[in-house]
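Let's take a walk through this one together, strand by strand and helix by helix. Keep the model open and follow along.

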Amino acid sequence: MPTGTPPTPPRTDTTRAQPARVYDWLLGGKDNYPVDEAVGRRLPPQAKDAAQQNRAFMHRATAWLADQGVDQFLDIGTGIPTEPNLHQIVQRVVPAARIVYVDNDPIVLRHAEALLVSSPEGTTEYVQADVRDPGGILRSARDVLDFSRPVALSLIALLHFLPDDQDPQGIVRELVDALPPGSALVLSHAASDLHSDLARQVTEEYARAGIRLGFRTRDEVARFFDGLDLVDPGLVTAPEWFRTEPAPAEEDSGIHAGVARVPSGGTA
């Protein structure tokens, strides 16, 4: 069970849509409110496909990393738990794996306390924090994770909620700079250059709900991997990323995705 959660979590605001709850609705979950469902219903049908593609990419990437011996994961922007979640995927391969989940939505905290339960051999911790405070996240994560050994940093469908004026590049750089050699960055990001009309529609609908988005081109997403070694097949769409057979079904996608390793010399 998580041990680092605040004793009095902030009150859940049910009058405004929240990204984690909209995402839950897109995945077919029940842990959302009418205001979140309203946003989801206004989005194009492809938004549900994108949510499923993100989850499937996360499953493939984290399972592969666990199979490569990575046994520590820092998942920022975890969202409302949807089984199988990251720790379940990883601990099937490495039962003693240690996972730290991070999110800033109070409803995620409540569900995390009930559902993010580790295997007996491993550890699962939940931290309520905002990605815009990477230093605070790292301080909390160090209570659970050993940063002298490889850590996989998971940023799934998160960074497009940070427009450029919130310095997402700087945030990722601070997080990655804390990772030792052999660590990995697992990242997926909504594209502005694959289906521009749909991207514009999604951005406008979220904006109506007071949620700013910053969809990016492939080249802009590639910058998050600067100084890292991209793992084959590189930066591709989410359904195109896989390392082991069977290959996922071919699907149209508006999601850029990739996995990269921290080189032995550290990041540039």
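Start with Thr237: its bridge partner in β8 is His256. That pairing belongs to the link between strand β7 (residues 236-237) and β8, where 2 bridges join strands that run antiparallel. Bear in mind as you click around that this is a predicted model.

β8 has other neighbours too. Strand β5 (residues 184-190) is joined to β8 by 7 bridges, and the two run antiparallel. If you'd like a pair of residues to look at there, try Val186, whose bridge partner in β8 is Val259. Then there is strand β6 (residues 229-230), tied to β8 by 2 bridges, again in an antiparallel arrangement. Here Asp229 is the residue to pick, with Arg261 as its bridge partner in β8.

So how buried is strand β8 itself? It covers residues 255-261, and 6 of its 7 residues are buried, so the strand is largely enclosed by the rest of the structure. The cut-off behind that word is a relative accessible area under 20%.

Now look at the loops around these strands, and check the omega angles. Between β6 and β7 there is a loop that holds Pro233. The peptide bond joining Asp232 to Pro233 is cis, with omega at about 10°. Move on to the loop between β7 and β8 and you'll find Pro246. The bond from Glu245 to Pro246 is cis as well, and its omega is near 0°.

While we're on backbone angles, phi deserves a look in the loop between β4 (152-156) and α7. Ala157 sits in that loop, and its phi is positive, about 50°, although it is not a glycine. Asp167 lies in the loop between β4 and α7 too. Its phi is also positive, about 55°, and again the residue is not a glycine. Which of these is buried, and which is partly exposed? Ala157 has a relative accessibility of 12%, so it counts as buried. Asp167 has a relative accessible area of 44%, so it is partly exposed.

From that loop, carry on into α7 and its helix partner. Two packed helices are described by the angle between their axes and the distance between the axes. For helix α6 (residues 134-141) and helix α7 (residues 168-177), the angle is about 25° and the axes are 9 Å apart. Angles under 35 degrees count as roughly parallel, and α6 and α7 are therefore roughly parallel to each other. The crossing of α6 past α7 is right-handed. On the α6 side the contact is made by Pro134, Gly135 and Leu138, while α7 brings in Ile171, Glu174 and Leu175. Sort those residues by class and you get 4 nonpolar, 1 polar and 1 charged in the contact of α6 with α7.

Another helix pair is worth a visit: helix α3 (residues 46-67) and helix α4 (residues 86-93). Their axes come within 9 Å and cross at roughly 30°. α3 and α4 are therefore roughly parallel to each other, and their crossing is right-handed. What meets what in this contact? From α3 come Met58, His59, Thr62, Ala63, Ala66 and Asp67, and these meet Leu86, Ile89, Val90 and Val93 in α4. By class, the residues of the contact of α3 with α4 divide into 7 nonpolar, 2 polar and 1 charged.

Step out of α3 and you can look for Gly69, in the loop between α3 and β1 (72-76). Gly69 has 51% relative accessibility, so it counts as exposed. Try a distance from here: the C-alpha atoms of Gly69 and Ala97 are separated by 9.7 Å, and the two residues are 28 residues apart along the chain.

One last stop, in helix α2 (residues 34-42), where Ala38 has its place. With 32% relative accessibility, Ala38 counts as partly exposed. Measure from its C-alpha to that of Ala17 and you'll get 8.6 Å, for a pair that is 21 residues apart in sequence.

Key. Residues numbered from 1 in each chain as written. Predicted model: local features only at pLDDT ≥ 70, side-chain atom pairs only at ≥ 80, totals over all residues. Heavy atoms only, no water. Axes fitted to C-alpha atoms, helices over the stretch in contact; angles between N-to-C directions. Helix = DSSP H or I, 4+ residues; strand = E, 2+ residues; numbered from the N terminus. Parallel < 35°, antiparallel > 145°, perpendicular 65-115°, else oblique. Left-handed = near helix turned anticlockwise from the far one by under 90°. Contact = heavy atoms within 4.5 Å. Nonpolar A, V, L, I, M, F, W, Y, C, P; charged D, E, K, R; others polar. Buried < 20%, exposed > 50% of the residue type's maximum accessible area, 1.4 Å probe, protein only. Pairing = 2+ DSSP bridges.
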